[in-house]
Amino acid sequence: PLLQRLYHERVVDHYNHPRNVGSFEKDDPSLGTGLVGAPACGDVMKLQVKFDEQSGKIVDACFKTFGCGSAIASSSLATEWVKGKQMEEALSIKNSEIAKHLSLPPVKLHCSMLAEDAIKAAVKDYKAKRAKQGTSTGNID
Ligand code: FES
Ligand code: FES
């Protein structure tokens, strides 16, 4: 089928069986929400990460993406990759790694960029929340 010819099986798999679709309760203080849009196409991605305060690790993640299959696959993969990672590790995830894993064609690179941006935005939101509460752990900034 056309889908299989144009896209790597991993993209099709994530598109057909997206991991961690959904939303967490926005007011949860252990949660960061990233909402980003791609100027190139107007697609929108929301990605949320939940931190464990003790270990500093991301224990859960979810996404909702209004966009193309590559953006859905990229965000699905991103939620899998961030789980179990420390903040700095999560921030070091590059869109090029996502694109490579999914064998995205060049015109779809911005879709993986959206996922990288969404991770960064989610972490930033979490940090901002913590700072507001005055409970920053101090070893982060
Ligand atoms: Fe067409 Fe995103 S605008 S796939
Ligand atoms: Fe715009 Fe995929 S085409 S995010």
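The following exercises, each with a worked solution, concern a predicted model of one protein chain.

**Exercise 1. The annotated region**

Task: State which residues UniProt lists for the domain, and describe the secondary structure and the end-to-end separation of that stretch.

Solution.
Step 1. An unreviewed UniProt entry lists residues 7–132 under "domain: NIF system FeS cluster assembly NifU N-terminal".
Step 2. Within residues 7–132, helix accounts for 47% of the chain and strand for 19%.
Step 3. The C-alpha atoms at the two ends of this stretch lie 43 Å apart.

**Exercise 2. The packing of helix 3 and helix 6**

Task: Characterise how helix 3 and helix 6 cross, and classify the residues that form their contact.

Solution.
Step 1. Helix 3 spans residues 69–82 and helix 6 spans residues 109–133; their axes come within 8 Å.
Step 2. The crossing angle is roughly 35 degrees, and the crossing is right-handed.
Step 3. On the side of helix 3, the contact is made by S70, A71, S74, S75, A78 and V82. Helix 6 contributes C111, S112, L114, A115, A118 and I119.
Step 4. Sorted by class, the contact contains eight nonpolar and four polar residues, with no charged residues.

**Exercise 3. The buried side of helix 5**

Task: Identify the buried residues of helix 5, explain why they are on the same side, and name the helices against which they pack.

Solution.
Step 1. Helix 5 covers residues 95–102, and its buried residues are N95, I98, A99 and L102.
Step 2. These residues lie on the same side of helix 5 because they cover an arc of only 95 degrees around the axis.
Step 3. The general background is that an α-helix has 3.6 residues a turn, so residues three or four places apart point the same way.
Step 4. The buried residues of helix 5 pack against helix 2 (9–16), helix 3 and helix 6.

**Exercise 4. A histidine in helix 5**

Task: Determine the exposure class of H101 and list what it touches beyond four places away in sequence.

Solution.
Step 1. H101 belongs to helix 5.
Step 2. H101 has 17 C-beta neighbours inside 10 Å and therefore counts as partly exposed.
Step 3. Leaving aside residues up to four places away in sequence, H101 touches R10 and L77.
Step 4. D60 is 41 residues from H101 in sequence, and the C-alpha atoms of the two are 21 Å apart.

**Exercise 5. Positive phi at N20 and S103**

Task: Locate N20 and S103, give the phi value of each, and assign their exposure classes.

Solution.
Step 1. As a reference, most residues other than glycine have a negative phi.
Step 2. N20 is not a glycine, yet its phi is positive, at about 60 degrees. The residue N20 sits in the loop between helix 2 and strand 1 (31–37).
Step 3. Because N20 has 18 C-beta neighbours inside 10 Å, it counts as partly exposed.
Step 4. S103 follows just after helix 5 and has a positive phi of about 50 degrees; the loop that holds S103 runs between helix 5 and helix 6.
Step 5. S103 has 12 C-beta neighbours inside 10 Å, so S103 counts as exposed.

**Exercise 6. Separation along the chain and in space**

Task: For H17 and R5, give the location, the exposure class and one C-alpha separation.

Solution.
Step 1. H17 lies in the loop between helix 2 and strand 1 and is exposed, with 9 other C-beta atoms within 10 Å.
Step 2. H17 and A73 are 56 residues apart along the chain, and their C-alpha atoms are separated by 9.1 Å.
Step 3. R5 is part of helix 1 (residues 2–6) and counts as exposed, with 6 C-beta neighbours inside 10 Å.
Step 4. R5 and A40 are 35 residues apart along the chain, with a C-alpha separation of 24 Å.

Definitions and conventions:
Residues numbered from 1 in each chain as written. Chains lettered and ligands numbered in written order. Predicted model: local features only at pLDDT ≥ 70, side-chain atom pairs only at ≥ 80, totals over all residues. Helix = DSSP H or I, 4+ residues; strand = E, 2+ residues; numbered from the N terminus. Buried ≥ 20, exposed ≤ 12 C-beta atoms within 10 Å, placed from the backbone. UniProt positions renumbered as here; feature names shortened; annotations may be inferred. Axes fitted to C-alpha atoms, helices over the stretch in contact; angles between N-to-C directions. Left-handed = near helix turned anticlockwise from the far one by under 90°. Contact = placed C-beta atoms within 7 Å. Nonpolar A, V, L, I, M, F, W, Y, C, P; charged D, E, K, R; others polar. Arc of directions from axis to C-beta.
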